[in-house]
Amino acid sequence: MTIKDFKTYILDMETVRPHQLSMTTITSQAIIVGRAIDEDGTEGWSEVANIGGIAYGEQTPEAIKVNIDSYLKDLVIGREASDFNRIMWEINHFAKGNNYSKAVVEGALIDLAARQKNVPAYELLGGKIHQSIPLAWTLASGNTERDIEEAKHLLEIRRHKIFKLKIGKGDPDENVEHVRKIIEAVGEQAKITVDINQAWDEDTSVRCIKKLEEYGVNMIEQPVPVWNYEAMSRLTERFDVPIMADESSTYVNDVFRIAKNRAGNSIALKPCKHGGLLETKKVAGIAEGAGLGLYGGTMIESSLGSAMALSVYSTIHDFEFGTELFGQFLYKDRITVEELEVKDFELVVPDGPGFGLTVDIEKVKKYAREFY
Ligand SMILES: [Mg+2]
């Protein structure tokens, strides 16, 4: 059954609290949703987000949409969704970069192909290995006391026992002190990791990571700018605490470079960053061959985009650092009927057709800047 239409929506979703990163603070985020419709009326849905918009990455929500509508859509209309591997190979030859746009297109094709066959999407991606993956939460309210309260509550309700602290914004030494206080409060019951989001130079990184290692931090994510692979290598060599590459591990060739130069000993996967679920599997394969630890990252997609990422994460070997697909809990509302289930600190892989969640079209209409 061929595809007769492909629509792309930008939705503005408010968060339950401010979410502070090194480059911006999020109170509302645009998510980009793809919708592939076949001749029978069966639909495939996908979602990406770009955490913090233009302050974080080069692809804005508006650019993601316009590049799909103007260029990629035509390569999809009239095709079979089950042909997604060949279609994406063609798109990758046709269009440079634009990974977020590619991930939207590919995600909707895979969801549609799976729904046409009435099987979970993970079956088209090799089959699931994991039934659930440990789920991290990001403490990023910008206030130490509030973060501690939040962490204690989340431990009590058995939702998270891995906490990532976003510490790139503001004075590095004060932020290291903030981490110490949180470890003192909940470090016995939880693993604490930190994400600097490229905000430090190498000297600051050496000074601060020394202390963070001593305090018992479990992982340091992207301390230096994306381009500084050499500093990542030196920091990885110097410290015992794992150093994770996130912004610097985008394309398969980036990850090969990281593996070759040990510019980090673990990497964060994110389907929209890599350009889709198939590319995510390639990246994970390089990581496996190089013995790099894996983290199932998020750009803070809502429930739909989290389910899309989870479908591929469920098929990938091991997640040393679990996953951070917590987006559905950061938004005030969701655009799917169901929410992803969390059981005993782990995110459960849904077994329904496609990505396993049902899109609530009324919610899409409510939050879309323009619905058509
Ligand atoms: Mg990160």
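**Exercise 1. Place S141 and list its polar partners.**
Task: Find which backbone nitrogen lies 3.2 Å from a polar atom of the S141 side chain, then describe the surroundings of S141.

Solution.
- Step 1. The backbone nitrogen belongs to N143. A polar contact is a pair of N or O atoms within 3.5 Å; within protein, one must be able to donate a hydrogen and the other to accept it, and residues adjacent in sequence count only if both atoms are side-chain atoms.
- Step 2. The S141 side chain also makes a polar contact with the side chain of D147, at 2.6 Å.
- Step 3. S141 sits in the loop between β5 and α4. Helices (H or I, at least four residues) and strands (E, at least two) are DSSP runs, numbered from the N terminus.
- Step 4. S141 counts as buried, at 12% relative accessibility. Buried means under 20% relative accessible area, exposed over 50%, partly exposed in between (1.4 Å probe, protein chains only).
- Step 5. Leaving out residues up to four places away in sequence, S141 touches R17, P18, R146 and D147. Contact means heavy atoms within 4.5 Å.
- Step 6. T25 is 116 residues from S141 along the chain, yet their C-alpha atoms are separated by 9.2 Å.

A note on the model: it is predicted, so local features need pLDDT of at least 70, side-chain atom pairs count only at pLDDT 80 or more, and totals for chains, interfaces and linings use all residues. Residues are numbered from 1 along each chain as its sequence is written, and side-chain values use heavy atoms, with hydrogens and water left out.

**Exercise 2. Read the two sides of α5.**
Task: Decide which residues of α5 are buried and what covers them.

Solution.
- Step 1. Helix α5 runs over residues 172-186. Its 15 residues reach 21 Å from first C-alpha to last, close to the 21 Å expected at 1.5 Å a residue. The expected span is 1.5 Å times one less than the number of residues.
- Step 2. The buried residues are P172, N175, V176, H178, V179, I182, I183 and V186. They cover an arc of only 155° around the axis, which puts them on the same side of α5. The arc is that of the directions from the helix axis to the C-beta atoms.
- Step 3. The face turned away from the buried side carries the exposed residues E174 and E184.
- Step 4. The cover over the buried residues includes β5, α4, β6, β7 and α6.
- Step 5. At the helix start, a side-chain oxygen of D171 comes to within 3.3 Å of the backbone nitrogen of D173.

**Exercise 3. Trace the surroundings of H274.**
Task: State where H274 lies and what it touches.

Solution.
- Step 1. H274 belongs to helix α9, residues 271-274.
- Step 2. H274 is buried, with a relative accessible area of 3%.
- Step 3. Its side chain reaches the backbone oxygen of T250 at 2.8 Å.
- Step 4. Not counting residues up to four places away in sequence, the residues that H274 touches include N99, S249, E279, T280 and V283.
- Step 5. E279, T280 and V283 are also among the buried residues of α10.
- Step 6. After α10 comes G291, with a positive phi near 70°.

**Exercise 4. Describe how the domains meet.**
Task: Give the bounds of the two domains and the area buried between them.

Solution.
- Step 1. Domain 1 is 3-120 + 359-367, and domain 2 is 124-348. These bounds come from an automatic or database domain assignment.
- Step 2. In domain 1, 47 residues are in contact with 48 residues of domain 2.
- Step 3. About 3900 Å² is buried between them, and carbon and sulfur atoms give 60% of this. Buried area is the accessible area (1.4 Å probe) that two parts lose on being put together, summed over both.
- Step 4. R17, Q20 and E47 supply 18% of the area that domain 1 buries against domain 2, more than any other three residues.
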